[in-house]
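Student: I am new to this structure and would like to learn how to read it. Could you walk me through it?

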Amino acid sequence: MRLADKIAIVTGAAQGIGAATARRFAQEGARVVLTDVLESGAGVAQEIRDGGGQAEFFRADISKAADVQALVAFTVERFGALNIICNVAGINIPGSVVDLEEEIWDRTFAVNVKSMFLTAKYGIPEMQKSGGGSIINTGSANSLVAEPLLSAYVASKGGILMLTKQMALDFAKDNIRVNCVCPGWVDTTINDAHHDLFGGRAVLETMIADVQPIGRVIRPEEIADVNLFLASDESSSMTGSAIVCDGGITAK
Ligand SMILES: NC(=O)c1ccc[n+]([C@@H]2O[C@H](COP(=O)([O-])OP(=O)(O)OC[C@H]3O[C@@H](n4cnc5c(N)ncnc54)[C@H](O)[C@@H]3O)[C@@H](O)[C@H]2O)c1
């Protein structure tokens, strides 16, 4: 029980990496509030409860301050405190800076970056009351290396890495650690539009070793394990760090 007595919020928890993370945290004893714009997150929470874990779903658009305030208030009311925030929710809409609509640029930064400002803004005061905590921000291999035609996404993921380091400095004295996870190509629906840039999923799979040296896609559960490490006291010496779990993409 690596997260015994811990209370966690996981964003983007209706599917993909967020759902896998919520399940993993609950397996290790955390009480988890799953949040997403998709109501199907309620089914993931129910599945966790059916398996003997403790979980609730709270629908929120994490780019909106009022929703995030309500999410934090719900968590503290339901479980009594807040120790872990795992920011997983994100969007990836391809386009060069010439092609991309301004609205898509703004939406990308609101969902991918502003959400992390908001969960920290309203979540950190609760962590301070508890004597500390762990925040995990989901970056990407694109936090470190760029990629054609992903202008807003790459810029947002670069921003997440530096926001992580900045927050780590401000709250280290409060025993609040802030770290970033940088995945490579994980098999989730976020990549559906991204696949088209390579000529479709089938084409991408034939050239997978060129894209990702381990020669396969990463499973969401593999990233959930990294999130678990950063959420737990096993990573107690780490803050302002990035764990790159990208199947070797940035080694090239
Ligand atoms: N899959 C990959 O290859 C990969 C690689 C690197 C980084 N990532 C990052 O991992 C994170 C999770 O992505 P995933 O792969 O699980 O994709 P996913 O699309 O399965 O999950 C993203 C979740 O975020 C939710 N979401 C989107 N906007 C939201 C909002 N405004 N409020 C609340 N929830 C919202 C979606 O509904 C969805 O459930 C993202 O930040 C993504 O950028 C993914």
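Tutor: We will go through the sheet, the helices, the cores, the cysteines and the backbone, one topic at a time. Keep in mind that this is a predicted model.

Student: Let's begin with the sheet. How many strands does the open sheet have, and in what order?

Tutor: To read a sheet, list the strands from side to side, then look at the direction of each pairing. Here an open sheet of seven strands follows the order 3-2-1-4-5-6-7, with parallel pairing. The twist from one strand to the next averages 15 degrees.

Student: Which strands stand at the edges?

Tutor: Strand 3 and strand 7 do. Each has a single partner strand, so one side of each is left without a neighbour in the sheet.

Student: How do I follow the pairing from strand to strand?

Tutor: Look for bridges, and for residues that stand opposite each other. Strand 2 and strand 3 run parallel and are joined by six bridges, with Leu-34 opposite Phe-57 in strand 3. Five bridges join strand 1 to strand 2, again in parallel, and the bridge partner of Val-10 in strand 2 is Leu-34. On to strand 4: strand 1 pairs with strand 4 in the parallel sense over three bridges, and Ala-8 stands opposite Ile-84 in strand 4. Further along, strand 5 (residues 133-138) and strand 6 (residues 176-183) run parallel and are joined by six bridges. There, Thr-138 stands opposite Val-181 in strand 6.

Student: Which helices connect these strands into β-α-β units?

Tutor: Trace the chain from a strand, over a helix, to another strand, and note the handedness. Strand 1, helix 1 and strand 2 make a right-handed β-α-β unit. Strand 2, helix 2 and strand 3 make a right-handed unit as well.

Student: Which helices lie across several strands?

Tutor: Helix 3 (residues 65-79) lies across strand 1, strand 2 and strand 3, and runs at about 155 degrees to strand 3. Helix 9 lies across strand 4, strand 5, strand 6 and strand 7, and runs at about 165 degrees to strand 6.

Student: Are the faces of strand 1 covered or exposed?

Tutor: For a strand, check the residues on each face. Both faces of strand 1 are covered. Ile-7, Ile-9 and Thr-11 are buried on one side, and Ala-8 and Val-10 are buried on the other. That is five of its five residues.

Student: And how do I read a nonpolar core?

Tutor: Find the members that touch the most other members, then see which elements supply them. The largest nonpolar core has 32 residues, and Val-10, Phe-25, Val-32, Leu-34 and Ile-136 touch the most other members. Among the elements that each supply at least two residues of this core are strand 1 (7-11), helix 1 (16-27), strand 2 (31-36) and helix 9 (220-231). A second, separate core of 22 residues includes Leu-71, Leu-82, Val-111 and Ala-120.

Student: Which residues does Val-32 touch?

Tutor: Leaving out residues up to four places away in sequence, the contacts of Val-32 include Ala-8, Val-10, Ala-22, Phe-25 and Phe-79.

Student: Can we try a residue in a helix?

Tutor: Take Leu-118, which is in helix 4 (residues 102-130). Leu-118 is buried, with a relative accessible area of 2%. Leu-118 and Ala-65 are 53 residues apart in sequence, and their C-alpha atoms are 6.2 Å apart in space. Ala-65 is one of the residues that Leu-118 touches, along with Ile-62, Ser-63, Lys-64 and Val-68.

Student: How many disulfides are there?

Tutor: A disulfide is a covalent bond between the sulfur atoms of two cysteines. The count here is zero. For Cys-86, the closest cysteine sulfur is in Cys-180, 11 Å away, which is too far for a bond. Cys-180 is in no disulfide either, and its nearest cysteine sulfur, that of Cys-182, is 3.9 Å away. The cut-off is 2.5 Å. Cys-86 is buried, at 0% relative accessible area, and Cys-180 counts as buried at 0% too.

Student: Last topic: what should I look for in the backbone angles?

Tutor: Most residues other than glycine have a negative phi. Leu-149 has a positive phi of about 65 degrees although it is not a glycine. Leu-149 is in the loop between strand 5 and helix 5 (151-171), and is partly exposed at 41%. Asn-175, also not a glycine, has a positive phi of about 65 degrees. Asn-175 lies in the loop between helix 5 and strand 6, and counts as partly exposed at 48% relative accessibility.

Key:
Residues are numbered from 1 along each chain as its sequence is written. This is a predicted model: local features need pLDDT of at least 70, side-chain atom pairs count only at pLDDT 80 or more; totals for chains, interfaces and linings use all residues. Side-chain values use heavy atoms; hydrogens and water are left out. A nonpolar core is a set of buried Ala, Val, Leu, Ile, Met, Phe, Trp, Tyr and Cys residues joined through side-chain atoms within 4.5 Å. Buried means under 20% relative accessible area, exposed over 50%, partly exposed in between (1.4 Å probe, protein chains only). Helices (H or I, at least four residues) and strands (E, at least two) are DSSP runs, numbered from the N terminus. Contact means heavy atoms within 4.5 Å. Two strands pair if DSSP finds at least two bridges between them. Axes are lines fitted to C-alpha atoms, for helices over the stretch in contact, and angles run from 0 to 180 degrees between N-to-C directions. A crossover is right-handed if, with the strands pointing away from the viewer, the path from the first strand over the helix to the second runs clockwise.
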